[in-house]
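Here is a short report on charged side chains and how they pair. Look at the sequence and the model first, then read on.

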Amino acid sequence: MRLHGLGRRIPHSYGETQYNRDGMLQGQSIDSPLSEIGERQAEAAGIYLRDVKFTNAFVSDMQRARQTAEIILKNNNNSAGVQLMTDPLLKERSFGIVEGQPMDVMRSMAKAAGQLVPDFTPPQGETVEQVKLRFAEFLGSMLQQLMDEHRHQDSTQSMPVHVLVITHGAYMRVVVRYMVEDLHCSFHSGVDKSHIYSACPNTGIMRFIFNMKCNESSTPSDLQCLFVNQSDHITIELQ
């Protein structure tokens, strides 16, 4: 069977936590909940996405991401039966010994090493390449699941699939690099390419579309990015 239609993947960052507000690095060892503002940001994202008919939803196993995903799906008009799948492969990038410390500590260490902050790996932290591998494993697993779920469908019909993925800011920055550098993603004409590797704001949204063919490799084809780090929903809904 061939899955002809568009697969739509919407990666999403979680809402604000108190650590975000205080300028502290969380990474993997700090499993903090959403702040009151973070909950409102998640509500705003849910309202913004309320008419998207999600067929699948995946989320990091960290508390702040799970809370964001639950709030978004609670506000959705079409996804009452969607099961939220928790996956540790979507966990935030590990920042090693600087987790729980001010972001300025990371900046100082990166400067001393002669590197940009996004490329710098603190002692005991994950490299960009390690995060890429982790995401590639998640993507392959996710696409295989989608193909398995739709093998019984009529092979002559286009089957649109809308997937919600809730993960973390530093992780999402690496995701964009993987999509561009490894999967050769193209960009919609409205995308400002000078900002595609910028830090993702809390509840920032990215949207990718691609084609899949069942019975073939679980690698997306015709991959296109429609937008990155979109946060209009925050400024509109939180006014």
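A salt bridge here is a side-chain nitrogen of Lys or Arg within 4 Å of a carboxyl oxygen of Asp or Glu. The structure holds 10 of them.

The model is predicted: local features need pLDDT of at least 70, side-chain atom pairs count only at pLDDT 80 or more, and totals for chains, interfaces and linings use all residues. Residues are numbered from 1 along each chain as its sequence is written, and side-chain values use heavy atoms, with hydrogens and water left out.

**A network of charges**

Which residues are linked in a network of salt bridges? They are Asp 119, Glu 129, Lys 132, Arg 177, Glu 181 and Asp 182. Three of the pairs are tabulated here.

| Pair | Closest N to O |
|---|---|
| Asp 119 and Arg 177 | 2.7 Å |
| Asp 182 and Lys 132 | 3.0 Å |
| Glu 181 and Arg 177 | 3.7 Å |

Take Asp 119 and Arg 177, bridged at 2.7 Å. Asp 119 sits in the loop between α4 (103–112) and α5 (128–150), and Arg 177 in helix α6 (residues 169–181), so the pair ties together parts 58 residues apart in sequence. Helices (H or I, at least four residues) and strands (E, at least two) are DSSP runs, numbered from the N terminus.

Next comes the salt bridge between Asp 182 and Lys 132. This pair also links distant parts of the chain. Asp 182 is in the loop between α6 and β5 (186–187), Lys 132 is in helix α5, and 50 residues separate them.

Glu 181 and Arg 177 both lie in helix α6. They are 4 residues apart, about one turn of the helix.

**Buried or exposed?**

Buried means under 20% relative accessible area, exposed means over 50%, and partly exposed is in between (1.4 Å probe, protein chains only). Lys 132 is buried, at 5%. Its partner Asp 182 is partly exposed, at 37%. Asp 119 is partly exposed at 31%. Glu 181, at 38%, is partly exposed.

**Glu 16**

Where is Glu 16? It lies in the loop between β1 (6–13) and α1 (18–21). At 9% relative accessibility, Glu 16 is buried. Its side chain makes a polar contact with the side chain of Arg 21 at 3.4 Å. A polar contact is a pair of N or O atoms within 3.5 Å; within protein, one must be able to donate a hydrogen and the other to accept it, and residues adjacent in sequence count only if both atoms are side-chain atoms.

Contact means heavy atoms within 4.5 Å. Leaving aside neighbours within four places in sequence, Glu 16 is in contact with residues including Arg 21, Leu 34, Gln 41 and Asn 202.
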